[in-house]
Amino acid sequence: KILRWARSLFVKPEGLSLPEHLVLELTMQFSVPQVGLRLWDVANQYAGEDFAKPVSDDARVFTSSLLEPFCGLNTGFEAVGWLSDPAAAASVALVPLRAPVAGASGAAFGMLVLASSDATRFNSNMGTDFLARIGEIASAALSSMR
């Protein structure tokens with residue numbers, strides 16, 4: 001599935017922006033009910049896009065502090081507000097996006113939010129390696145928007 005998703009980023013249909021396509025394909029390929037995305041410090045031509053809406057300094061600092069994706073219950077994260085139906089998000093995976101050369105400790109330039117109404121879908125006992133790979137691929141694909 002991750003290879004199909006990565007391949008889809010190379011052959012996105014005309015008319016869809018890369019961030020919109022990335023989110024849509026994550027939703028479809030991995031059956032994730034809701035996916036949200038925010039990027040900050042984007043190039044001027046993307047400043048008015050939905051994915052570049054303002055994010056608080058607290059959310060930016062929190063995202064940069066994540067050395068690996070967070071999985072667990074939705075406890076009122078600002079990022080859940082980026083979803084189409086925040087009230088339906090019982091569990092979330094928060095995936096920081098970093099410049100490919102920055103590594104896990106570099107400052108984040110965005111975050112992916114995966115959410116489910118199932119409180120056990122994303123839980124603190126699950127491994128995060130797969131989500132980390134999704135973050136690396138998304139970071140590489142989206143880094144050109146900065």
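# Helix packing and the four-stranded sheet

Glu 25 lies in helix α2; helices (H or I, at least four residues) and strands (E, at least two) are DSSP runs, numbered from the N terminus. The model is predicted, so local features need pLDDT of at least 70 and side-chain atom pairs count only at pLDDT 80 or more, while totals for chains, interfaces and linings use all residues. Residues are numbered from 1 along each chain as its sequence is written, and side-chain values use heavy atoms, with hydrogens and water left out.

## Glu 25 and the α1/α2 pair

With a relative accessible area of 11%, Glu 25 is buried; buried means under 20% relative accessible area, exposed over 50%, and partly exposed in between, with a 1.4 Å probe and protein chains only. Apart from its neighbours within four places in sequence, Glu 25 is in contact with Trp 5, Ser 8 and Phe 30, where contact means heavy atoms within 4.5 Å. Ala 6 is 19 residues from Glu 25 in sequence, and the C-alpha atoms of the two are 9.3 Å apart.

Two packed helices are described by the angle between their axes and the distance between the axes. Here axes are lines fitted to C-alpha atoms, for helices over the stretch in contact, and angles run from 0 to 180 degrees between N-to-C directions. Helix α1 (residues 2-10) and helix α2 (residues 18-29) have axes that come within 10 Å and cross at roughly 155 degrees. This angle makes α1 roughly antiparallel to α2; angles under 35 degrees count as roughly parallel, over 145 as roughly antiparallel, 65 to 115 as roughly perpendicular and the rest as oblique. The crossing of α1 past α2 is right-handed, a term that applies if the near helix is turned clockwise from the far one by less than a right angle, with anticlockwise for left-handed.

On the α1 side, Arg 4, Trp 5, Ser 8 and Leu 9 make the contact, and on the α2 side Leu 18, His 21, Leu 22, Glu 25, Leu 26 and Gln 29 do. These residues of the contact of α1 with α2 divide into five nonpolar, three polar and two charged. In this classification Ala, Val, Leu, Ile, Met, Phe, Trp, Tyr, Cys and Pro count as nonpolar, Asp, Glu, Lys and Arg as charged, and the others, Gly among them, as polar.

## α1 against α4

Helix α1 also packs with helix α4 (residues 129-142), at an angle of about 10 degrees and with the axes 11 Å apart. That makes α1 roughly parallel to α4. Ile 2, Trp 5, Ala 6 and Leu 9 of α1 meet Phe 130, Arg 133, Ile 134, Ile 137, Ala 138 and Ala 141 of α4. By class, the contact of α1 with α4 has nine nonpolar residues, no polar ones and one charged.

## The sheet

An open sheet is formed by four strands in the order β1-β4-β3-β2, with antiparallel pairing; two strands pair if DSSP finds at least two bridges between them. β1 and β2 (70-73) stand at the edges with a single partner strand each, so one side of each has no neighbour in the sheet. Neighbouring strands are turned by 20 degrees against each other on average, direction ignored. Helix α2 packs on the sheet, where it touches β1 and β4, and its direction makes about 155 degrees with that of β1. Helix α4 lies across β1, β2, β3 and β4 and runs at about 45 degrees to β3.

Strand β1 (residues 34-39) and strand β4 (residues 108-116) pair in the antiparallel sense over six bridges. Strand β3 (residues 91-98) is joined to β4 by eight bridges, again antiparallel. Some of the residue pairs are listed below.

| Residue | Opposite residue in β4 |
|---|---|
| Val 35 | Leu 114 |
| Arg 38 | Met 111 |
| Ser 91 | Ser 116 |
| Val 95 | Leu 112 |

Six of the six residues of β1 are buried. Gln 34, Gly 36 and Arg 38 are buried on one side of β1, and Val 35, Leu 37 and Leu 39 on the other. In β4, nine of the nine residues are buried, so this strand is largely enclosed by the rest of the structure.

## Positive phi in two loops

Most residues other than glycine have a negative phi. Ser 31, in the loop between α2 and β1, has a positive phi of about 50 degrees although it is not a glycine. Asp 41, in the loop between β1 and α3 (57-65), has a positive phi near 60 degrees. Asp 41 counts as exposed, at 51% relative accessibility.
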